[in-house]
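Biologist: Could you take a close look at one single part of this chain for me? I would love to hear about a serine and its surroundings.

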Amino acid sequence: METTMHAGLTARPAPAPTHAVPAAARVSMALTGALLAGVLTSFGQAVPGLSSVANSAGPWFVVAAALCLLAGVRSGRWASPAAMVLGVVLLELMHVGYWATTNLRGYPDVLSITNFWVLMGIPAGVLAGAVAVALRSRDVGWRGAALGATAAVLVGEGVRALLQVADTTGPVTWVVEIVVGLAVLVVAVVTARTPLGRIVALATGVLGTVGVLGAYLLLGG
């Protein structure tokens, strides 16, 4: 009986092979995502509970790095510089999305190449692209350094905000940003696996935080 039943079964067809998303499609999705992030930032500033988050640069940096990963950045002689250029383009597209949406909502906004945030989008975009490339590396040291740099951006901005703008925005957003940044740094150190990797991750996070904070205070953003 059992033999007969098995003999009558029809074998299921093998699943069709999945095809990788074309590189052009990945890049297009990343560029579209950047514009959308700018649009959402403009609307987010009108929401009391999200206004401070929408006015912070740390989340934009994280989004830019994530979109670089979505675009499929890789390391290599030409791929790494291309990823850094992509990071800059993504951040500037966020500015374009924010500018266009804010004006359409009836709040005049000027997009200028001399604007502090537009200018900062260049080094921040380069760093976001580099972080994305390092996160894809098989070397745990590079991955630790990338997470350390991300933590530095979050903690550095959070500390700067507590020092300069917390009186008008409240401290909650910035404390949360600092806590998230410290959590990222802890992950960077724990996952580094080797003593040298942990030192690199920790040093990147600490020295990077000092650098980010110093840049804010020096440039007055």
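Modeller: Happily! A polar contact is a pair of N or O atoms within 3.5 Å; within protein, one must be able to donate a hydrogen and the other to accept it, and residues adjacent in sequence count only if both atoms are side-chain atoms. By that rule, a polar atom of the S56 side chain sits 2.6 Å from the backbone oxygen of V53. This is a predicted model, where local features need pLDDT of at least 70, side-chain atom pairs count only at pLDDT 80 or more, and totals for chains, interfaces and linings use all residues. Residues are numbered from 1 along each chain as its sequence is written, and side-chain values use heavy atoms, with hydrogens and water left out.

S56 belongs to the loop between α3 (51-54) and α4 (58-70); helices here are DSSP runs of H or I with at least four residues, strands are runs of E with at least two, and both are numbered from the N terminus. Its relative accessibility is 4%, so S56 counts as buried (under 20% relative accessible area, with exposed over 50% and partly exposed in between, using a 1.4 Å probe and protein chains only). Leaving aside residues up to four places away in sequence, S56 touches E157, W174 and E177, where contact means heavy atoms within 4.5 Å.

Now for the setting. The protein chain has ten helices and zero strands. Of its 221 residues, 35% count as buried. Among contacts with a separation of 6 or more, 70% join residues 24 or more positions apart. The C-alpha atoms fill a box of roughly 80 × 50 × 40 Å along the principal axes.
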